[in-house]
Amino acid sequence: MKIIGKLEINTVTDVICDVCLCSTRIASDTLEFATLKAHWGYGSEHDGERYELHLCESCFFNTVSYLKQERSIQNLFSDDDKANCNGEGEKLGLVATDSFFGNND
């Protein structure tokens, strides 16, 4: 037996980029965004603080580009520049490609 009734729930209807303040909704009416999180642990300067930022695709890759630049600057005079070994600097943070269906082969 089916019992039908109205049910009111809260759901995410949009995600706004915390940098440019634009919607992350794309043409296919889905949300495309990245989440940058931090949870600072005991003893750190920011002990107990938690951060969660939502970024649109453009702002996310601008942020990654900035971090790559900072890595290069920090290691500018280093003899042991691990950031640029085997092109790893270009892959900063990248853990998978072509894994839309969850197959990381």
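**Exercise 1. The largest pocket**

Find out how big the largest pocket is and what lines it.

*Solution.* Start with the size: the largest pocket has a volume of about 460 Å³. Next, look at the lining, which is made up of 16 residues; Phe 33, Ala 34, Glu 57, Phe 60 and Phe 61 are the closest to the pocket's centre. Keep in mind as you look around that this is a predicted model.

Now ask where the lining comes from. Helix H1, which covers residues 57–74, gives the largest share of it, with five residues. Finally, sort the lining by character: 10 residues are nonpolar, one is polar and five are charged.

**Exercise 2. The chain as a whole**

Describe the protein chain by its elements, its burial and its contacts.

*Solution.* Begin by counting: the protein chain has one helix and two strands. Then put them in order. Reading from the N terminus, you meet β-β-α.

Next comes burial. The protein chain has 105 residues, and 10% of them count as buried. For the surface, the chain exposes about 9600 Å², with carbon and sulfur atoms supplying 53% of that area.

Last, check the contacts along the sequence. Take the contacts with a separation of 6 or more: 26% of them join residues 24 or more positions apart.

**Exercise 3. The aromatic pair**

Find the one aromatic pair in the structure and work out how its rings are arranged.

*Solution.* There's one aromatic pair to look for. The partners are Phe 60 and Phe 61, with ring centres 4.9 Å apart and an angle of 85° between the planes. Planes over 60 degrees apart count as edge-to-face, and this pair is edge-to-face.

You've already met both residues: Phe 60 and Phe 61 are among those closest to the centre of the largest pocket. Is Phe 60 buried, exposed or partly exposed? Phe 60 counts as partly exposed because its relative accessibility is 29%.

**Exercise 4. Cys 59 and its partners**

Place Cys 59 in the chain, then find which residues further off in sequence are in contact with it.

*Solution.* First, the location: Cys 59 sits in helix H1. Next, its surroundings: Cys 59 has a relative accessible area of 9%, so this residue is buried.

Now set aside the neighbours within four places in sequence. What remains in contact with Cys 59 is Cys 17, Val 19 and Cys 20. Take Val 19 for a distance check: Cys 59 and Val 19 are 40 residues apart along the chain, yet 6.8 Å separates their C-alpha atoms.

**Exercise 5. Two residues of strand E1**

Compare Ala 34 with Lys 37: which residue is buried, and which is exposed?

*Solution.* Start with Ala 34, which is in strand E1. Ala 34 has a relative accessible area of 19%, and the cut-off for buried is under 20%, so Ala 34 is buried. Apart from neighbours within four places, Ala 34 is in contact with Leu 53, His 54, Leu 55 and Phe 60. From Ala 34 to Leu 55, 21 residues along the chain, the C-alpha atoms are 5.2 Å apart.

Then turn to Lys 37, also found in strand E1. Lys 37 has 61% relative accessibility, so this residue counts as exposed. Not counting residues up to four places away, Lys 37 touches Tyr 51 and Glu 52. The C-alpha atoms of Lys 37 and Tyr 51 are 5.4 Å apart, with their positions 14 residues apart in sequence.

**Exercise 6. Positive phi values**

Check the phi angles of Leu 21 and Asp 29, and say where these residues lie.

*Solution.* Here's some background first. Most residues other than glycine have a negative phi.

Now check Leu 21: its phi is near 65°, a positive value in a residue other than glycine. Leu 21 lies in the segment before strand E1, which runs over 34–39, and it counts as exposed because its relative accessibility is 63%.

Repeat the steps for Asp 29. Phi of Asp 29 is near 65°, again positive in a residue other than glycine. Asp 29 is in the segment before E1, and at 53% relative accessibility it counts as exposed.

Technical notes: Residues are numbered from 1 along each chain as its sequence is written. This is a predicted model: local features need pLDDT of at least 70, side-chain atom pairs count only at pLDDT 80 or more; totals for chains, interfaces and linings use all residues. Side-chain values use heavy atoms; hydrogens and water are left out. Rings of Phe, Tyr and Trp (its six-membered ring) pair if their centres lie within 6.5 Å; planes under 30 degrees apart count as stacked, over 60 as edge-to-face and the rest as tilted. Buried means under 20% relative accessible area, exposed over 50%, partly exposed in between (1.4 Å probe, protein chains only). On a 1 Å grid over the protein atoms alone, a cavity is a set of points where a 1.4 Å probe fits but cannot get out, and a pocket is an open set with protein on both sides within 12 Å along at least five of seven lines; lining residues have an atom within 4 Å of a point. Grid points are joined across faces, edges and corners, and a volume is the space filled by probe spheres set on the points. Helices (H or I, at least four residues) and strands (E, at least two) are DSSP runs, numbered from the N terminus. Ala, Val, Leu, Ile, Met, Phe, Trp, Tyr, Cys and Pro count as nonpolar, Asp, Glu, Lys and Arg as charged, and the others, Gly among them, as polar. Contact means heavy atoms within 4.5 Å. Accessible areas come from the Shrake-Rupley method with a 1.4 Å probe; for residues, only the protein chains shown count as cover.
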